[in-house]
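Visitor: I would like a close look at a single part of this structure. Please take one helix and what surrounds it, and explain the terms as you go.

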Amino acid sequence: MATGDTIIISGQNSLSADELAAALALKDACDAAERLDLKLGYGAAEPATATYPAVLLARAGQRLVGYCSLDGDATTAEMCGMVHPDWRRHRLGMRLFEAARASFKGAGGGQLFAVCEDGSASGRAFLRMLAAQRASSEHRMVWRGASLTPTALDDQSRAFIVARARPEDYQPLAAALARAFDHTEERLLADLTSASATATEQVYAARLDGAIIGGFRLSRMPDSTGIYAFGIDPAQQRKGWGRRMLARACALAQQNAENPEQRSNQRVTLEVDTDNAPATALYRASGFEIITTYGYYVFSPTLLATGLNLDVGDGADKG
Ligand SMILES: CC(C)(COP(=O)(O)OP(=O)(O)OC[C@H]1O[C@@H](n2cnc3c(N)ncnc32)[C@H](O)[C@@H]1OP(=O)(O)O)[C@@H](O)C(=O)NCCC(=O)NCCS
């Protein structure tokens, strides 16, 4: 790198097609350097109402050399950042962190998590320097398609139907998922309502003899479709409905690529808590494989409130 280059950091809610291509190319370079699968966001779900930037771009001239995403709502966000391998150890990561922290806190945000893969020696060292503490861990799993047999998909013997949720389904679906995840119904209802207003999100409900017993959300990302909030009401668990719902979710996710040419080979992923053995077993039995493990880290309240004292000294604009 040319160390004298001026770095400009700008915060944005969404990415142009060129910016998205540059962010994906930067991710490829960072993934390749340490054999990672970085968990980044690529813009706000609802740009019009976002209170802090969803992405921060660090440019040296025209070149994108660093990137940080803030993915969340008004109170909580997940942050993940990357710096091109040629530009590391020049405080760019710290400046991106500081710009993201200041934007989030300035917008009244409360809890900030950093996501870092276990395989990222650089990311873990960086978070150690920030004295971040690991709060939880999730496996990312990718579907290999192996166990999606015709029987799993075609068995019509019970009145088990998976279909796009309609507005009147949100309340019973939120109630079923609240029981499955031990979350509040209000929070799940808010999540479902916000997802239903987002072009890249689709909410599905599973019905048994007409009653909603579970559901999930499909989230279309540039390089894959994710299955999220996948849950079956505890009263209906261990009866095979989760396995069937997963088979449907995979088939739907595979068809969910934005670009028609990608359909049928769309990558299907999900994330599961590392201590959730029953769900992990179901996913494995249905053809999913663990490809990486993410740690979720928290920062001290003091660091979150006051930030890093950076002596940038090179004319950086920390918009
Ligand atoms: C993590 C990452 C963004 C850091 O970017 P960076 O611009 O190189 O980081 P900085 O120069 O601001 O580093 C600040 C400090 O973090 C620590 N650090 C960063 N990378 C390190 C490494 N590879 N080994 C040891 N310490 C490291 C050091 O204390 C460093 O200060 P120093 O260089 O004066 O010793 C970058 O390495 C990266 O893109 N890694 C892959 C993506 C990733 O894992 N992201 C998750 C981040 S939460």
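Guide: What follows is about helix α2 and its surroundings.

This is a predicted model, in which local features need pLDDT of at least 70 and side-chain atom pairs count only at pLDDT 80 or more, while totals for chains, interfaces and linings use all residues. Residues are numbered from 1 along each chain as its sequence is written.

The protein chain has nine helices and 13 strands. Helices (H or I, at least four residues) and strands (E, at least two) are DSSP runs, numbered from the N terminus. Helix α2 covers residues 92-106. The expected span of a helix is 1.5 Å times one less than its number of residues. For the 15 residues of α2 that gives 21 Å, and its end C-alpha atoms are 21 Å apart, so the two values agree. Just after α2, glycine 108 has a positive phi of about 90°.

Next comes burial. A residue is buried if 20 or more other C-beta atoms lie within 10 Å of its own, exposed if 12 or fewer, and partly exposed in between, with C-beta atoms placed from the backbone. In the protein chain, 36% of the 319 residues are buried. Within α2, the buried residues include Leu92, Gly93, Leu96, Ala100 and Phe104. Arg95 and Arg101 of α2 are buried as well.

Some of these residues belong to a nonpolar core, which is a set of buried Ala, Val, Leu, Ile, Met, Phe, Trp, Tyr and Cys residues joined through C-beta atoms within 7 Å. The largest such core has 43 residues, and Leu96 and Ala100 are among those with the most contacts inside it, as are Leu56, Tyr67 and Met79. Helix α2 gives the largest share of this core, six residues. Apart from it lies another core, of 35 residues, among them Met141 and Leu192.

Helix α2 also takes part in the shell around the ligand. A residue is near a molecule if its C-beta atom, placed from the backbone, lies within 6 Å of it. There are 24 residues around the ligand, and Gly93 is one of those that come nearest, together with Arg88, Ser120, Ser122 and Gly123. The elements giving two or more residues to this shell are α2, β4 (76-83), β5 (111-117) and α3 (121-129). The largest share, seven residues, is from α3.
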